[in-house]
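Visitor: Could you take me on a close look at a single part of this protein, the second largest pocket, and explain the terms as you go?

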Amino acid sequence: LDQHQALAALYLGLGPSALCGYLQTVAQREVSATRAAVVYALDPLWAALFAYLFLGEHLGPTARLGAALVATAALAQPLLDVSRSAPGLGDRADLPETPRPLPRPAEAVAPAATSRLGRARRRAGPDS
């Protein structure tokens, strides 16, 4: 590897890979799974747009039709998501945005009290 290739590899490892992965993880905590799926579905459209703008690439008729269908679906999704906006219309209307944590089992809360050793100590009394 020469110096130019090493710098390019370093940039690709830190910029688009590590930084974008970190920012994606942070941002994904703030949006719903549906919205995140729509953003991920638009990834090929962004790639085609940037390839057209920076590399002069052109899409064929079938690819343009596919891009139009994906863009239409992504734009229509918020309009069609009635399950969260209109109570009673969807089977998920009454679910909270984020799931509640599961209750902890009694053994995880007080393992000494439920274990065999803990029961033996209780029978023996506090002086043993």
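Guide: What follows is a description of that pocket and of one residue in its lining. This is a predicted model, in which local features need pLDDT of at least 70 and side-chain atom pairs count only at pLDDT 80 or more, while totals for chains, interfaces and linings use all residues. Residues are numbered from 1 along each chain as its sequence is written, and side-chain values use heavy atoms, with hydrogens and water left out.

The protein has 8 helices and 0 strands (DSSP runs numbered from the N terminus, H or I of at least four residues for helices, E of at least two for strands). A pocket is an open set of points on a 1 Å grid over the protein atoms alone, where a 1.4 Å probe fits, with protein on both sides within 12 Å along at least five of seven lines, and its lining residues have an atom within 4 Å of a point.

The second largest pocket has a volume of about 320 Å³, a volume being the space filled by probe spheres set on the points, which are joined across faces, edges and corners. Its lining includes Gln-24, Arg-35, Asp-43 and Phe-50. Helices α1 (3–28), α2 (33–41) and α3 (43–55) each supply at least two lining residues, and α2 gives the most, with 4 residues.

Phe-50, in helix α3, counts as partly exposed because its relative accessibility is 41%, and partly exposed lies between buried, under 20% relative accessible area, and exposed, over 50% (1.4 Å probe, protein chains only).
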